[in-house]
Amino acid sequence: MSGPFASLLVRDLRLAARSGGSAALALAFFALVATLVPLGVGADLKLLSRIAGGVLWVGAVLAALLSLDRLYQGDFDDGSLDLIALSPLSLEQVALAKLLAHWFSTGLPLTLLSPLLALLFGLSAEGTWALFLSLLIGTPAVSAVGAIGASLTLSLKRGGLILPLIILPLLAPAVIFGAGAVTAALDHLPNGALGLLSAFSLAAVLLSPFAAAACVRLNLAG
Amino acid sequence: MIVSLTAEKLACVRGDRPVFADLDFRVAAGEALVVEGANGAGKTSLLRLIAGFLSPATGNITLNTDSGAISDGEERGRYVGWLGHQDGIKPQLSVGEQLEFFAHLYGARGAVPPTLERVGLVRQRELPCRYLSAGQKKRLGLARLIVSGRDLWLLDEPFAALDTAGRALTAELMTAQCAAGGIVVAATHDALGLAARSLRLEAA
């Protein structure tokens, strides 16, 4: 890959792979949540399959949060963000590259793991497929909304603690539509939730680079 | 190519605190400007204003180029090579990876091996940056400046952490930058080691 955009994307992926295994940490967290809930609820597979969509979606969102605070913070703290801001890339392009890097290093691995975790909840093939598809469509929205929060809290002390409080309410539609898509698949109902999730995700990914770039601009001037 | 950098009636306010006011200067291509002043006088703020990170409270900064005058901060930033207080170096990347990233980011591919040789880091090319000393990190910052290929260099304490040879190298690079028709603006308490105009900042 070549070009400024690709080089930033590749560097962020490389850093994610070498920074203490953030993707592995997110995957481990997701797997632990998915393991503990059936242990707590008991072996009622009917109940487990009914709650699987909600539990796994909440688990995936919380797992993705683990690596969100590093999206901009490291570059801000060590001065790399100044150098990147002076590059030929606009800050909107920078924000898009970072969003994609976060999704490739966190959202995509979580999505790929989900069919395995669905087994713990006794999800049917239709339910597992709906879960996989909803996470594939919805996790870019998690990265997109998270990128706005991460850029907003850049210069705040302990911004990583405030970040979930800012972005979790904004991610409620993704969780509702994502879990709804799994429930609709289990009930063999028309799956409008996937359409709504797609619209939410598309809007988040399109708007996030502009909002995140504006927040970065403010923080660089701070 | 750039022709000159001018500031007129420039004032800077950080938060509610006025940092400096009524600042005027002009630096022509091929010249260096050393910015002096006590701690807190606004040397770093002036560099960040020129780079376009900050907006002036009043006044304006204009970069005159052979294709027109540029007053917009972000557009001016496209001409800036930056060496700031912070090193901008990732401990997880090797020296070569770090420099190659910036070369690609600034669209200056292929210049990495000779640049590492020039700053004396060719033997550290495969070494993760976490093992570099402060002086070697500064040399990597200088290498980054070279590969940026930018006409306007903004340097904040460029001699910090450098040994005698590193200081000589820095002065040599600044001289070469000016000789190539670029501009160097450096905030430092040390002598630059080359002919330079001086600007003393007094807190407002």
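**View 1. What packs around helix α3 of chain A in this predicted model****.** The cover over the buried residues of α3(A) includes α2 (22-41), α6 (91-118), α7 (125-152), α8 (159-170) and α9 (172-186) of chain A. Underneath that cover sit the buried residues themselves: A52(A), G53(A), V55(A), L56(A), W57(A), G59(A), A60(A), V61(A), A63(A), A64(A) and L65(A). The helix runs over residues 45-65, which makes 21 residues. From first C-alpha to last, α3(A) reaches 29 Å, close to the 30 Å you'd expect at 1.5 Å a residue. Look along the helix for a kink of about 50°, centred on I51(A).

**View 2. The open parallel sheet of chain B****.** Five strands line up here in the order β6-β7-β8-β3-β9, with parallel pairing. Which strands stand at the edges? They are β6 (80-83) and β9 (197-201) of chain B, and each has a single partner strand, so one side of each is left without a neighbour in the sheet. On average, neighbouring strands of this sheet are turned by 15° against each other, direction ignored. Zoom in on the β6 edge and you'll find β6(B) paired with β7(B), residues 152-156, in the parallel sense over 4 bridges. One spot to pick out in that pair is V80(B), which stands opposite L152(B) in β7(B).

**View 3. Strand β1 of chain B and its antiparallel partners****.** Strand β1(B) covers residues 2-14 and pairs with β4(B), residues 58-65, over 7 antiparallel bridges. It's also joined to β2(B), residues 17-28, by 8 bridges, again antiparallel. L5(B) is a handy landmark: its bridge partner in β4(B) is L63(B), and its bridge partner in β2(B) is V27(B). As a reminder, strands of a sheet pair through backbone hydrogen bonds, either parallel or antiparallel. The hairpin of β1(B) and β2(B) has 2 residues between the strands, and G15(B) takes a positive phi there, near 70°.

**View 4. Two non-glycine residues with positive phi in chain B****.** D22(B) isn't a glycine, yet its phi is positive at about 55°. You'll find D22(B) in strand β2 of chain B. Is D22(B) buried or exposed? It has 11 other C-beta atoms within 10 Å, so D22(B) is exposed. E157(B), also not a glycine, has a positive phi of about 50°. This residue belongs to the loop between β7 and α6 (164-179) of chain B. With 18 other C-beta atoms within 10 Å, E157(B) is partly exposed.

**View 5. G120 in a loop of chain B****.** The loop in question lies between α4 (112-118) and α5 (134-148) of chain B, and G120(B) is found in it. G120(B) counts as partly exposed because it has 16 C-beta neighbours inside 10 Å. Although G120(B) and L140(B) are 20 residues apart along the chain, their C-alpha atoms are separated by 9.1 Å.

**View 6. Where chain B touches chain A****.** The contact takes 21 residues from chain B and 20 residues from chain A. On the chain B side, the elements that give two or more residues are β6 and α3 (95-105) of chain B. The largest share of that side, 4 residues, comes from α3(B). What's the make-up of the chain B side by class? It has 10 nonpolar, 8 polar and 3 charged residues.

Definitions and conventions. Residues numbered from 1 in each chain as written. Chains lettered and ligands numbered in written order. Predicted model: local features only at pLDDT ≥ 70, side-chain atom pairs only at ≥ 80, totals over all residues. Pairing = 2+ DSSP bridges. Axes fitted to C-alpha atoms, helices over the stretch in contact; angles between N-to-C directions. Expected span 1.5 Å × (residues − 1). Bend = angle between axes of the 7 residues up to and from the residue. Buried ≥ 20, exposed ≤ 12 C-beta atoms within 10 Å, placed from the backbone. Contact = placed C-beta atoms within 7 Å. Nonpolar A, V, L, I, M, F, W, Y, C, P; charged D, E, K, R; others polar.
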